[in-house]
Amino acid sequence: MTMKVGSRQVDGVTIVDCSGRITLGEGSVILRDMVRDLLSKGNKKIVLNLGEVNYIDSSGIGELVSAFTTTKNQGGELKLLNLTKKVNDLLQITKLYTVFDVKDDEAGAVKSFK
């Protein structure tokens with residue numbers, strides 16, 4: 001199953017709905033291109049909705065970190081939303097849970113931007 005992404009705007013925040021697998025190759029490239037495209041258009045408030053992501057490999061984790069860093073370097077903020085248990089456990093194990101701002105509900109994620 002390949003990764004699919006779609007974006008929508010909610011109160012000036014861009015929500016990127018991701019589904020499928022974020023893995024080496026296509027999945028991580030799709031995510032990278034989406035985040036870069038949003039930043040190039042001036043969208044600095046980004047929420048990655050990972051509720052439909054069923055698998056992330058080490059390359060996918062790297063891509064999340066890269067997206068976070070790229071966004072931050074351009075003066076933006078990137079948050080994660082709706083982590084599945086598998087993805088949540090993965091972030092806990094890799095100690096990245098403390099790096100990302102992780103939200104459980106969309107309204108809270110949107111409100112959390114300054």
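The following paragraphs describe the nonpolar cores, the aromatic contacts and one buried glutamate of a predicted model. Local features require pLDDT of at least 70 and side-chain atom pairs pLDDT 80 or more, while totals for chains, interfaces and linings use all residues. Residues are numbered from 1 along each chain as its sequence is written, and side-chain values use heavy atoms, without hydrogens and water.

The largest nonpolar core (buried Ala, Val, Leu, Ile, Met, Phe, Trp, Tyr and Cys residues joined through side-chain atoms within 4.5 Å; buried means under 20% relative accessible area with a 1.4 Å probe, protein chains only) comprises 26 residues. Those with the most contacts inside this core are L48, L50, L78, L80 and F100. Elements contributing two or more residues include α1 (26–40), β3 (45–56) and α2 (58–73), with helices (H or I, at least four residues) and strands (E, at least two) taken as DSSP runs numbered from the N terminus. A second, separate core has seven residues, among them V13, A109, V110 and F113.

One aromatic pair is present (ring centres within 6.5 Å, with the six-membered ring used for Trp; planes under 30 degrees apart are stacked, over 60 edge-to-face, the rest tilted). F68 and F100 are arranged edge-to-face, at 5.3 Å centre to centre and 70 degrees between the planes. F68 belongs to helix α2 and F100 to the loop between α3 and β5 (101–103), 32 residues apart. Both F68 and F100 are buried.

E63, in helix α2, is buried, with a relative accessible area of 7%. Its C-alpha atom is separated by 5.9 Å from that of S28, 35 residues apart along the chain.

Technical notes. Buried < 20%, exposed > 50% of the residue type's maximum accessible area, 1.4 Å probe, protein only.
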